[in-house]
Amino acid sequence: MRNLVKVLFFLIITIGAYLIVQLIAGDLAVSVLSSVSVLFTLSIIFIGFVIFLENRNPSHTITWLVLLGSFPLFGFLFYIFFGRNIKKRRLFEKKAVLDEQLIQEDERIHREAIEKMTHMGDHQQLLFKLAHRLGHTPITYRTSSKVLTNGEETFSHIFEEIKKATHHIHLEYYILRHDELGQELKDILIEKAKNGVIVRFLYDDVGSLKLSRQYIADLEKAGVQIVPFLPVRLPLLNNKINFRNHRKIVVIDGEVGFVGG
């Protein structure tokens, strides 16, 4: 971001100085035409810098730079209308705000954790500090955890806890399929939704490519809020295809959670 500001500031100063010199020294009409030409050229150069600094896929960067160099006018207009990923930038801006809120909450919890660690032995303090550095999240003393080592054990626990839900069920998965396991999950969610439990399901549009429309329709009909993460309509023309959600999370009533593969 700082690099973009510097480049933009440099271009503004350069353009301003050039316009002043041209308007003072030369014929007005010629100066304006010449100035517009220079402004257009500098705009293309500026866009080239922006594309280079956006940290895009290298092949995309080279393609845009070649297009701008070979067809300045066409490339300029094409970039203005199609090259800027405004939607993605807005998504990350919203995420940054939420992340900042979480960081502040984490700092509060971390201060509580440090206070409690002073009453522990040295070996326990070292272990907890290591866990905090590796996980980048504070230690909480209000929870308990259990390791589930295989799919059979994991999903039996998940289904058991989902059946106990009284307020809400939140699910987030990369792959959702209409197989035996998926059918069992669907039946449970439909039952809970009909009983008044709020069910929200976020699945990845690419990971769940084979998911049938009927599966989704059955859940929606029962009142389940099920939506795909960043839908990809035209795979070959959509830069969202590699920006996927690989999370596997289940949260039940804000009290029980499952994470992991």
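## Burial and overall make-up

A residue is called buried when its relative accessible area is under 20%, exposed when that value is over 50%, and partly exposed in between. By this criterion, buried residues account for 26% of the 261 residues in the protein. The model is a predicted one, and every value given below is computed from it.

The protein contains nine helices and five strands. Read from the N terminus, the order of its elements is α-α-α-α-α-α-α-β-α-β-α-β-β-β, so that, with helices written as α and strands as β under numbering from the N terminus, the chain opens with a run of helices and ends with a run of strands.

## Helix H6 and the residue after it

Helix H6 covers residues 122–135, which is 14 residues in total. From its first C-alpha to its last it reaches 20 Å, close to the 20 Å expected at 1.5 Å a residue. The residue that follows H6 is His136, and the phi of His136 is positive, near 55°. As background, most residues other than glycine have a negative phi.

## Salt bridges

A search of the whole structure returns four salt bridges, and three of them are described here, beginning with a pair that shares a lysine. Glu160 is bridged to Lys164, with 3.8 Å between the closest N and O atoms, and the side chain of Glu161 also meets that of Lys164 in a salt bridge, at 3.6 Å from N to O. With regard to accessibility, Glu160 is partly exposed at 44%, and Lys164 is likewise partly exposed, with a relative accessible area of 47%.

Lys186 and Asp218 form another salt bridge, in which the N to O distance is 2.9 Å. This pair connects distant parts of the chain, since Lys186 belongs to helix H8 and Asp218 to helix H9 (residues 213–222), with their positions 32 residues apart in the sequence. Lys186 counts as buried because its relative accessibility is 5%, whereas Asp218, with a relative accessible area of 24%, is partly exposed. Returning to the bridges that share partners, these join Glu160, Glu161 and Lys164 into one network.

## A negative patch that includes Glu180

Asp179, Glu180, Glu184, Asp187 and Glu191 together form a negative surface patch. One of these residues, Glu180, lies in helix H8, which spans residues 180–194. Glu180 has a relative accessible area of 72% and is therefore classed as exposed. In helix H8, then, the exposed Glu180 is found along with Lys186, which is buried and whose salt-bridge partner, Asp218, lies in helix H9.

As a general point about such helices, an α-helix has 3.6 residues a turn, so residues three or four places apart point the same way.

## Strand E5 and its surroundings

Strand E5 comprises residues 256–259, and Val256 is placed in it. Val256 has a relative accessibility of 28% and so counts as partly exposed. Although Val256 and Ile169 are 87 residues apart in sequence, their C-alpha atoms are 9.8 Å apart in space.

Val259 is also in strand E5, and it is exposed because its relative accessible area is 73%. The C-alpha atoms of Val259 and Ile249 are separated by 4.8 Å, with the two residues 10 apart along the chain. Strand E4 spans residues 249–252, and the loop between E4 and E5 holds Asp253.

## Positive phi values in two loops

Asp253, in the loop between E4 and E5, has a phi near 55°, which is a positive value in a residue other than glycine. Leu230 is a further residue other than glycine with a positive phi, in this case near 45°. Leu230 is located in the loop between strand E3 (225–229) and strand E4 (249–252). At 13% relative accessibility, Leu230 falls under the 20% limit and is therefore buried.

Key
Residues numbered from 1 in each chain as written. Predicted model: local features only at pLDDT ≥ 70, side-chain atom pairs only at ≥ 80, totals over all residues. Heavy atoms only, no water. Patch = residues over 30% accessible without salt bridge, like charges linked within 9 Å, V, L, I, M, F, W, Y side chains within 5 Å. Areas by Shrake-Rupley, 256 points an atom, 1.4 Å probe, with all protein chains shown as cover. Lys, Arg positive; Asp, Glu negative; His and termini not counted. Charge placed at Lys NZ, Arg CZ, Asp CG, Glu CD. Helix = DSSP H or I, 4+ residues; strand = E, 2+ residues; numbered from the N terminus. Buried < 20%, exposed > 50% of the residue type's maximum accessible area, 1.4 Å probe, protein only. Expected span 1.5 Å × (residues − 1).
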